[in-house]
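The following exchange examines how descriptive terms are justified for a structural model. Each reply sets a computed value against its criterion and then concludes.

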Amino acid sequence: MSYVLMSDSCCDLLAEEYRALDLQFVPLTVHFSGREFADDGWVSCSIDDFYRQMRAGETGTTSQVSPETFLTAFRKYAAAGQSVLYLGFSSGLSGTYESAAHARAIVAAEYPSLRFDALDTRCASGGQGLLLHMAAHMRLAGKPQEEVLAFARDASIRMQHWVTVGNLTHLRKGGRISAASAFLGTIIDIKPIIYVNEQGKLIPVEKVKGRKRAMRRVFEHFMEQKDLSDSPVWFIHSDCAADAREMEGWVKQACPGRPTHIGSLGPVIGSHTGPDTVAVFFLGKSRMVD
């Protein structure tokens with residue numbers, strides 16, 4: 001291929017998925033349990049160990065990708081005569097995209113004969129991963145860079161993200177909700193339903209009582225917002241595979257034959273949501289929600 005399809009690790013793909021799709025990525029960094037490691041598709045850290053320690057009370061912090069890291073990556077491909085299409089983590093959640101855009105401008109000026117595109121997908125986790133999965137298959141089928149970019153731009157503004165979390169502790173630590181709200185919500189078993197809006201920001205849209213009801217509401221939002229195509233539906237969870245499989249079963253029953261995929265929430269986003277997060281990602285008509 002004359003161009004590289006590239007992203008960052010907040011797409012929450014496994015290392016083997018990057019290889020299978022011929023995707024390049026730059027990792028964000030996780031600081032957890034007294035050590036620092038790259039978010040590299042669960043190579044440097046075990047999924048089971050990470051969430052086991054989180055359940056025991058460990059918390060993590062994360063670092064975005066620096067412009068220098070993107071410069072090194074872009075220049076490596078440019079020196080090999082390859083253009084780059086970078087589909088990045090939402091600028092509404094991280095400064096990683098701004099780092100990529102800064103590096104892209106520098107390398108584009110250094111190599112004017114090559115093409116360097118960077119798209120702020122305003123997506124995260126499985127939304128970003130699903131978008132990359134579709135774009136990667138287009139690239140592997142021989143579609144040119146400009147066509148894949150046009151597809152990704154259109155799909156990204158329609159990518160739906162619906163999320164519920166197991167408890168409010170990690171949202172409180174990340175500043176998403178107040179300590180008082182987290183305490184009260186935990187006492188009365190309140191579960192937030194969270195959406196990623198058109199600016200790529202996490203927005204709490206409603207609160208329901210109980211885990212099962214929260215999962216049903218996420219499913220109901222899927223039914224309300226899904227498009228009429230047979231585009232895939234992705235489910236991403238943090239150490240609660242049974243819940244993801246249950247929600248997948250509801251979708252399969254409602255939409256027979258629709259492709260589905262279940263994956264794990266990576267350590268960067270998982271550090272901010274905690275265990276027992278379950279989310280559904282799919283293409284809708286628009287990112288706007290009534």
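Q: What makes helix H5 largely enclosed by the rest of the structure?
A: In this predicted model, 13 of the 16 residues of H5 are buried, so the helix is largely enclosed by the rest of the structure. A residue counts as buried when its relative accessible area is under 20%.

Q: How do you know that the end-to-end distance of H5 agrees with its number of residues?
A: H5 covers residues 125-140, and at 1.5 Å a residue its 16 residues should span 22 Å. The C-alpha atoms at its ends are 22 Å apart, so the two values agree. The expected span is 1.5 Å times one less than the number of residues.

Q: Is Ser-125 of H5 buried or exposed, and on what basis?
A: Ser-125 lies in helix H5. Its relative accessibility is 4%, and because buried means under 20%, Ser-125 counts as buried.

Q: What is notable about the phi angles of Ser-125 and of Gly-142, which follows H5?
A: Phi of Ser-125 is near 50°, a positive value in a residue other than glycine. Most residues other than glycine have a negative phi. Gly-142, which follows H5, also has a positive phi, near 95°.

Q: Why is H5 called roughly antiparallel to H6?
A: H5 and helix H6 (residues 145-156) pack at an angle of about 160°, with their axes 10 Å apart. Angles over 145 degrees count as roughly antiparallel, so H5 is described in that way relative to H6. The crossing of the two helices is right-handed.

Q: Which residues make the contact between H5 and H6, and how do they divide by character?
A: H5 contributes Leu-131, Met-134, Ala-135, Met-138 and Arg-139, while H6 contributes Glu-147, Val-148, Phe-151, Ala-152, Ala-155 and Ser-156. These residues divide into eight nonpolar, one polar and two charged.

Q: What does Arg-158, in the loop between H6 and strand S8, contact beyond its neighbours in sequence?
A: Leaving aside neighbours within four places in sequence, Arg-158 is in contact with Asp-227, Phe-282, Leu-283, Gly-284, Lys-285, Ser-286 and Arg-287. The C-alpha atoms of Arg-158 and Glu-198 are 8.7 Å apart in space, although the two residues are 40 apart in sequence.

Q: Why is H3 called oblique to H4?
A: Helix H3 (residues 67-79) and helix H4 (residues 96-110) pack at an angle of about 40°, with their axes 8 Å apart. Angles under 35 degrees count as roughly parallel and 65 to 115 as roughly perpendicular; the angle here falls in neither class, nor over 145, so H3 is oblique to H4. Their crossing is right-handed.

Q: Which residues of H3 and H4 meet, and how do they divide by character?
A: Pro-67, Phe-70, Leu-71, Phe-74, Arg-75 and Ala-78 in H3 meet residues of H4 that include Thr-96, Ser-99, His-102, Arg-104 and Glu-110. The residues of this contact divide into nine nonpolar, three polar and three charged.

Q: How do H9 and H10 cross, and what is the handedness of the crossing?
A: The axes of helix H9 (residues 211-225) and helix H10 (residues 241-254) come within 11 Å and cross at roughly 35°. H9 passes H10 in a right-handed crossing. Among the contact residues are Val-218 and Met-223 of H9, and Met-247 and Trp-250 of H10. The residues of this contact divide into nine nonpolar, no polar and five charged.

Q: Why are Val-218 and Met-223 of H9 described in these terms: buried, exposed or partly exposed?
A: Val-218 has a relative accessible area of 0%, under the 20% cut-off, and is therefore buried. Met-223 has 33%, between the 20% and 50% cut-offs, and is therefore partly exposed. Beyond residues up to four places away in sequence, Val-218 touches Trp-162, Val-163, Thr-164, Ile-193, Met-247 and Val-280. The C-alpha atoms of Met-223 and Gly-284 are separated by 9.9 Å, with their positions 61 residues apart along the chain.

Q: What makes Ser-33 partly exposed?
A: Ser-33 lies in the loop between strand S3 and strand S4. Its relative accessibility is 35%, so Ser-33 counts as partly exposed. Phi of Ser-33 is positive, near 50°.

How values were computed:
Residues are numbered from 1 along each chain as its sequence is written. This is a predicted model: local features need pLDDT of at least 70, side-chain atom pairs count only at pLDDT 80 or more; totals for chains, interfaces and linings use all residues. Side-chain values use heavy atoms; hydrogens and water are left out. Axes are lines fitted to C-alpha atoms, for helices over the stretch in contact, and angles run from 0 to 180 degrees between N-to-C directions. Helices (H or I, at least four residues) and strands (E, at least two) are DSSP runs, numbered from the N terminus. A crossing is left-handed if the near helix is turned anticlockwise from the far one by less than a right angle, and right-handed if clockwise. Contact means heavy atoms within 4.5 Å. Ala, Val, Leu, Ile, Met, Phe, Trp, Tyr, Cys and Pro count as nonpolar, Asp, Glu, Lys and Arg as charged, and the others, Gly among them, as polar. Buried means under 20% relative accessible area, exposed over 50%, partly exposed in between (1.4 Å probe, protein chains only).
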